[in-house]
Amino acid sequence: MRAVVQRVASASVEVEGRVVSEIGPGLLVLVGLHESDLEADADYICRKVLNMRLFPNEKNGKAWDQSVMQRNFGVLLVSQFTLYGILKGNRPDFHVAMPPQRAKDFYAALVEKFRGSYTADAVKDGIFGAMMKVNLVNDGPVTMQLDSSRTTRSASEVSEDAQ
């Protein structure tokens with residue numbers, strides 16, 4: 001599973017000209033599902049996103065000190081299979097992305113995992129499979145990429161997860 005996490009002042013998703021989800025300050029998370037993803041991948045991405053220290057602590061002035069949960073900010077999840085696109089010549093190929101029929105249920109379970117791990121009302125999402133317009137006001141900008149693949153995680157991340 002791959003997640004591109006952006007710290008935002010605000011973000012929204014529009015489908016067919018109407019806003020279907022929006023948040024104020026928080027994190028916009030673009031989520032790509034790999035064909036081999038398992039529940040453990042969803043657990044890892046959920047835990048990391050909710051606990052990443054991407055926000056300053058306004059009380060002590062420390063940068064990179066607080067998570068989205070500590071600040072009680074919003075999380076907007078957007079399914080984006082193109083995160084697993086590979087160029088073949090000039091044309092994108094998405095054969096390693098999870099097939100849509102399986103991805104829909106897997107993504108819905110991921111959204112529920114975020115809601116169950118945080119405040120349900122703070123977690124919003126787009127509409128799976130829809131053509132969406134994602135609007136955002138970057139804060140920073142701060143953008144991080146997470147990959148749950150065991151082959152791409154460093155030894156330090158694996159040992160950190162064990163703690």
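This is a short working chat about the structure above.

Visitor: What kind of model is this, and how are residues numbered?
Guide: This is a predicted model, where local features need pLDDT of at least 70, side-chain atom pairs count only at pLDDT 80 or more, and totals for chains, interfaces and linings use all residues. Residues are numbered from 1 along each chain as its sequence is written, and side-chain values use heavy atoms, with hydrogens and water left out.

Visitor: Start with strand E1. Is it largely enclosed or not, and why?
Guide: Strand E1 covers residues 2–15, and 11 of its 14 residues are buried, so it is largely enclosed by the rest of the structure. Buried means under 20% relative accessible area, exposed means over 50%, and partly exposed lies in between, using a 1.4 Å probe and protein chains only. Strands (E, at least two residues) and helices (H or I, at least four) are DSSP runs, numbered from the N terminus.

Visitor: Which strands does E1 pair with?
Guide: E1 and E8 pair in the antiparallel sense over 13 bridges. E1 also runs antiparallel to E3, with 7 bridges, and antiparallel to strand E2 (residues 18–23), with 5 bridges. Two strands count as paired if DSSP finds at least two bridges between them.

Visitor: What stands opposite glutamate 14?
Guide: In E8, lysine 133 stands opposite glutamate 14. In E2, valine 19 stands opposite glutamate 14.

Visitor: Other partners?
Guide: Arginine 2 has glycine 32 in E3 as its bridge partner. Valine 15 stands opposite arginine 18 in E2.

Visitor: How many residues sit between the strands in the hairpin of E1 and E2?
Guide: The hairpin of E1 and E2 has 2 residues between the strands, and glutamate 16 there takes a positive phi near 50°.

Visitor: Is glutamate 16 buried or exposed?
Guide: Glutamate 16 counts as exposed, at 81% relative accessibility.

Visitor: Where else is there a positive phi outside glycine?
Guide: Tryptophan 64 has a positive phi of about 55° although it is not a glycine. Tryptophan 64 is in the loop between H1 and helix H2 (68–71). Most residues other than glycine have a negative phi, and most peptide bonds are trans.

Visitor: Which residues does the cis peptide bond join?
Guide: The cis peptide bond joins glycine 140 and proline 141, with omega about 0°. Proline 141 is in strand E8.

Visitor: Now the largest pocket. What volume does it have?
Guide: The largest pocket has a volume of about 410 Å³. On a 1 Å grid over the protein atoms alone, a pocket is an open set of points with protein on both sides within 12 Å along at least five of seven lines, whereas a cavity is a set where a 1.4 Å probe fits but cannot get out. Grid points are joined across faces, edges and corners, and the volume is the space filled by probe spheres set on the points.

Visitor: What lines the largest pocket?
Guide: The largest pocket is lined by 21 residues, of which Ser79, Gln80, Phe81, Gly129 and Ala130 lie nearest its centre. The elements giving two or more residues to that lining are strands E3 (26–32), E4 (74–79) and E8 (132–147), and helix H3 (100–117). E3 gives the most, with 3 residues. Lining residues have an atom within 4 Å of a point.

Visitor: How do the lining residues divide by type?
Guide: The lining of the largest pocket divides into 16 nonpolar, 5 polar and no charged residues. Ala, Val, Leu, Ile, Met, Phe, Trp, Tyr, Cys and Pro count as nonpolar, Asp, Glu, Lys and Arg as charged, and the others, Gly among them, as polar.

Visitor: Switching to helix H1. Which residues are buried?
Guide: In H1, Asp41, Ala42, Tyr44, Ile45, Cys46, Lys48, Val49 and Leu50 are buried.

Visitor: And what does isoleucine 86 touch?
Guide: Isoleucine 86 touches Arg91, Pro92, Asp93, His95 and Val96, not counting residues up to four places away in sequence. Contact means heavy atoms within 4.5 Å. Isoleucine 86 is in strand E5 (residues 86–88) and counts as partly exposed, at 36% relative accessibility.

Visitor: Where is proline 99?
Guide: Proline 99 is in the loop between strand E6 (91–93) and H3. Proline 99 is partly exposed, with a relative accessible area of 33%.
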